[in-house]
Amino acid sequence: MLTTRYVTGAPNWIDLGTPDIDGAAAFYGELFGWRFQPGGPEVGGYGLFQLGGRAAAGGMQTTPEQGPPSWTAYFQTSDVDATAKAAEQARGSVLMQPMDVLDLGRMAILADRAGVRFGLWQPGRNKGLEVVQEHGSLCWLELYTADVPAAAAFYHSVLGLETFPLDFPGGTYTTFVPAGESEDAMFGGVVPLADDPGEEEAYWLPYFEVTDPDAIVARTRELGGAIRMPATDLPGAGRLAKLADPHGARFAVIRSEPRAD
């Protein structure tokens, strides 16, 4: 389960790059109750989406040269520079070289072997997201990729992530667990890209916990977003839907089933 007790390899931040940060603030505010707090010129206008005064995500306005509108997940490391080098050695790439963000922390943007963009965050004053697992906050991540074993090997060599198989009727779901943690620390899964019809490029998909997925789907449609998969019950997981905001950034929502003790 994703928590704010961040350890090496665990997701500790997420942010949105969008051509319309004001529009995104209005859209996600309607869906999740977020309020956007813009940053100053010293951080290029990068701001925080806050839920009840707690950081639920980051966001900034981007240009087409910076890539399509999308969510980027960041993973904790104690040494951004060494982790970036490990990614290159594992046949990934460094899209943005390691850099300090004031005294908040140190970051880099990488791509895995399949070209999937992800970030690294070495905490300074900013330790990471301040709220997860609650309505309107990050609760899960899924990596859609054409080669599940190759992806598992890459993230193991770079972030130390272990995989744990969950059996379900008709197949096995591969989950990620930070090194040295128990199965209860699983925070995401790896899914064959072929299981996501219409998508041709691998990507990370963030899930946000919500109390009423059907209401979120209806509001997304009203606000000009797209329904990539309608609200659907998934036994053992919960009721989920895959969506996109008005500019095409993909995300999912879920009302998670309570975990059995």
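Phe-27, Glu-30 and Leu-31 of helix H1 are in contact with Ile-216, Arg-219 and Thr-220 of helix H4. By class, this contact of H1 with H4 has 3 nonpolar, 1 polar and 2 charged residues. The model is a predicted one. Its strands include 8 that form an open sheet with mixed pairing, and helix H3 packs on that sheet.

**Helices H1 and H4**

- Helix H1 covers residues 21-32 and helix H4 covers residues 213-222.
- The axes of H1 and H4 come within 10 Å and cross at roughly 155°.
- Angles over 145 degrees count as roughly antiparallel, and H1 and H4 are therefore roughly antiparallel to each other.
- The crossing of H1 and H4 is right-handed.

**The sheet**

- The order of the strands across the open sheet is E2-E3-E4-E1-E5-E8-E7-E6.
- Strand E2 (35-37) and strand E6 (93-101) are the edge strands, and each of them pairs on one side only.
- From one strand to the next, the twist averages 25°.

**Strands E3 and E4**

- Strand E3 (residues 47-51) and strand E4 (residues 54-61) run antiparallel and are joined by 5 bridges.
- Phe-49 has Ala-57 in E4 as its bridge partner.

**Helix H3 on the sheet**

- Helix H3, made of residues 148-159, touches strand E5 (70-76), strand E7 (105-111) and strand E8 (117-123).
- The direction of H3 makes about 20° with that of E8.

Methods:
Residues are numbered from 1 along each chain as its sequence is written. This is a predicted model: local features need pLDDT of at least 70, side-chain atom pairs count only at pLDDT 80 or more; totals for chains, interfaces and linings use all residues. Side-chain values use heavy atoms; hydrogens and water are left out. Axes are lines fitted to C-alpha atoms, for helices over the stretch in contact, and angles run from 0 to 180 degrees between N-to-C directions. Helices (H or I, at least four residues) and strands (E, at least two) are DSSP runs, numbered from the N terminus. Angles under 35 degrees count as roughly parallel, over 145 as roughly antiparallel, 65 to 115 as roughly perpendicular and the rest as oblique. A crossing is left-handed if the near helix is turned anticlockwise from the far one by less than a right angle, and right-handed if clockwise. Contact means heavy atoms within 4.5 Å. Ala, Val, Leu, Ile, Met, Phe, Trp, Tyr, Cys and Pro count as nonpolar, Asp, Glu, Lys and Arg as charged, and the others, Gly among them, as polar. Two strands pair if DSSP finds at least two bridges between them.
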